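Below are some notes for a colleague who has not looked at this structure before. They are numbered so that each can be checked separately.

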Amino acid sequence: MVDVDLSQSPFNLLDEQGRERVRNGIDLAYFDQGETLLDAGQPGEFVFLVYKGEVAELDSSKQDSNARIGHYTAGDLFGAIAILNGTSRYRFKAEQESLCYLLPKALFQQLRDDYPAFAEFFQQRLAQKARQLTEQRTQSGVHMAGFMLARVEDCMRAPLLVAADTSIAGAAHTLNDSHADSLLVNAGQGFGMVTKTDLLNALVIQELPQQQPVVDIANFTLITARRDQYLFEALVAMTRHKVARVVVIENDAAVGVVELTDVLSYFSSRSHVVSLQIEQAASLEELIDASARTPELIQALMAQGVKLRFVMSLLAALNERIIAKAWYFTIDTRQQDNSCLIVMGSEGRGEQILKTDQDNGLILPNDAHWPGCAQAMNEFTEVLIRLGYPPCPGNIMVSNPDWTGDTSRWRKRVARWADTRDGDSLMNLAILLDAKAVAGDPRLLDEVKEGLFERCAKDDLLLSHFARAALHFSTPLTLFGSLKKPQHGIDIKKGGIFPIVHGVRALALKERITATSTLERLDQLAAGGHLEEGAAEDLGEALSLFTELRLKQQLERLKQPVAEKDDTNRVVVQQLSSLERDLLREALHIVKEFKQRLSQRFHLEY
């Protein structure tokens, strides 16, 4: 019997009896440096599990500089696909003296037949494997059920419904008798909400008669949710829309209400403490204190195993609230709603988890009169610096007159950038395409965006220039695992994140998709038939993986003195688990295939 660690995937999908069969059936083999373990075209006879050493995966059809497409170190597994397909597509060669466990073909096939989960592992796509990594983290002691598994229906109350002709006095008695904080008014064509505060304002401040119908004071602009949505998504919606409750709708009927107090009680985590501190901040100093706690919040959410997409959504909502409240604390009330503050880049896409550079601009109506605008924008930039948002090295900020102006001036900029088509102009178009309104009148941004789509969406030559940037950085598959020193590693932003973000952005521009989040753009591209659903899902999972690996580096750097901080975009492969390396390798292959797809879609090969 061979002593081998079988606690990792896919062997953890076997029961103890199955693992015992593996121990009794495998051998340990030695391979000299340069020796071929499995050649291209050769039938698969073994599944190889690396114990010591390093093995390269080579595409023999390519030149030496491009032949190396994979790298395997201790704990990595290869050879199963050769058995499933009959022959190996690639050559596997020892890069140094190596020891590998050999699992015979016959035993592998028996295990595949006897254990469906084990067999499925070798057919999984990236999205499925990523879910398995999440499950492994949960089993290792990370509790995530409260965030990941709770649904809206787990926390909703039965709705308190009254007819439209119910009097204000009658509604007040109904609320008092039920000990509820809000009720829904059934107006036939829809539902309106009335809270205790609404009733108080109606009777005391507006001095309305008690017999007036309650429908007259109901709010019909409701934030809604489905009963099967994650409760965490409801919290994000409340944070983003600054409301304390959402209405659960099913088949056009109100079936429940979720109160913020119930959500806070259900989760009881520090994320809500930070959310409430931001919302309740009554001064800039209080807002600065609350904003400083967001890194602590991120670490808590990651430690609890919350899915990164939810973390990004919550942090994007919180950052929007921080910036919006800073705007209202800083800017004269006469100008606040007669302008539109926009955030761009990763902040506009909702993908800036930790605070990085400012990317913002200001849009004014064409008839705007704001004599002290430049000074106000300089002051606002300094406020954001105090809140933890560093200045943009490229000076893409409201303090730069090139990123402020009325709608006519913005549309002229778009036309100039589209005509010029140099690197800076194309980058500016990309940045503006990601813009999102966070304060003021969002219709001003809508007008500018409409001009952008009108000018660019049908210009095939411009789209080709625009999309080409996604191919600028090579996919680091040939370097995979070969950088051994701590200061080295794979640049995950250039090699993984940027090609997906910009490639999807180019497709979104072509198809006039207004969503700014990369994940939402992928969803809409798939829904519109512009991208296969499976490809969109895999790209989303690849982006989440790259972002999570990068975030881990950034959080680790926060603990270090400034002098010791290095490039947080670099991921050292040797520091990853076997499954993480497998996921990273597969994700980089997905990026490579996506870039080939972009080349064909936008004719970039010419």
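1. Glu296 is partly exposed, because its relative accessibility is 29% and the partly exposed class lies between under 20% for buried and over 50% for exposed. The residue belongs to helix H14, which covers residues 294–303. Its C-alpha atom is 9.6 Å from that of Leu555, although the two residues are 259 residues apart along the chain. This is a predicted model, and the points below should be read with that in mind.

2. Is Lys325 buried or exposed? Lys325 is buried, since its relative accessible area is 12% and the class takes values under 20%. Lys325 sits in helix H15, residues 308–330. Leaving aside residues up to four places away in sequence, Lys325 touches Ile278, Glu279, Gln280, Ala281 and Leu287.

3. Gln553 is part of helix H25, which spans residues 533–558. With 12% relative accessibility, Gln553 counts as buried. Between the C-alpha atoms of Gln553 and Val571 there are 7.3 Å, and along the chain the two are 18 residues apart.

4. The next points concern a sheet. Strands in a sheet are joined by backbone hydrogen bonds, and the pairing can be parallel or antiparallel. Here an open sheet is formed by four strands, ordered S2-S7-S4-S5, with antiparallel pairing. Strand S2 (36–38) and strand S5 (68–72) are at the edges; each has a single partner strand, so one side of each has no neighbour in the sheet. On average, neighbouring strands of this sheet are turned by 30 degrees against each other, direction ignored.

5. The pairs can be taken in order across the sheet. S2 and S7 run antiparallel and are joined by two bridges; Leu38 has Phe92 in S7 as its bridge partner. Between S4 and S7 there are four bridges, also in the antiparallel sense, and here Leu58 is partnered by Arg91 in S7. Strand S4, residues 55–58, pairs with S5 over four bridges, antiparallel, with Ala56 opposite His71 in S5.

6. Which residues of strand S7 lie on its covered face, and which on its uncovered one? In S7 (residues 91–94), Phe92 and Ala94 make up the covered face, while Arg91 and Lys93 make up the uncovered one. Both Phe92, the partner of Leu38, and Arg91, the partner of Leu58, have thus appeared in the previous point.

7. A pair of packed helices is described by the angle between the axes and by the distance between them. For helix H20 (residues 423–433) and helix H22 (residues 460–468), the angle is about 85 degrees and the axes are 10 Å apart. H20 is therefore roughly perpendicular to H22, as angles of 65 to 115 degrees fall in that class. On the H20 side the contact involves Leu426, Leu429, Ala430 and Leu433, and these meet Leu462, His465 and Phe466 in H22. By class, six residues of this contact are nonpolar, one is polar and none is charged.

8. Does the end-to-end distance of helix H26 agree or disagree with its number of residues? Helix H26 has 24 residues, 578–601, and at 1.5 Å a residue these should span 34 Å. The end C-alpha atoms are 35 Å apart, which agrees with the expected span. Just after H26, His603 has a positive phi of about 55 degrees.

Methods:
Residues are numbered from 1 along each chain as its sequence is written. This is a predicted model: local features need pLDDT of at least 70, side-chain atom pairs count only at pLDDT 80 or more; totals for chains, interfaces and linings use all residues. Side-chain values use heavy atoms; hydrogens and water are left out. The expected span of a helix is 1.5 Å times one less than its number of residues. Two strands pair if DSSP finds at least two bridges between them. Axes are lines fitted to C-alpha atoms, for helices over the stretch in contact, and angles run from 0 to 180 degrees between N-to-C directions. Buried means under 20% relative accessible area, exposed over 50%, partly exposed in between (1.4 Å probe, protein chains only). Contact means heavy atoms within 4.5 Å. Angles under 35 degrees count as roughly parallel, over 145 as roughly antiparallel, 65 to 115 as roughly perpendicular and the rest as oblique. Ala, Val, Leu, Ile, Met, Phe, Trp, Tyr, Cys and Pro count as nonpolar, Asp, Glu, Lys and Arg as charged, and the others, Gly among them, as polar.
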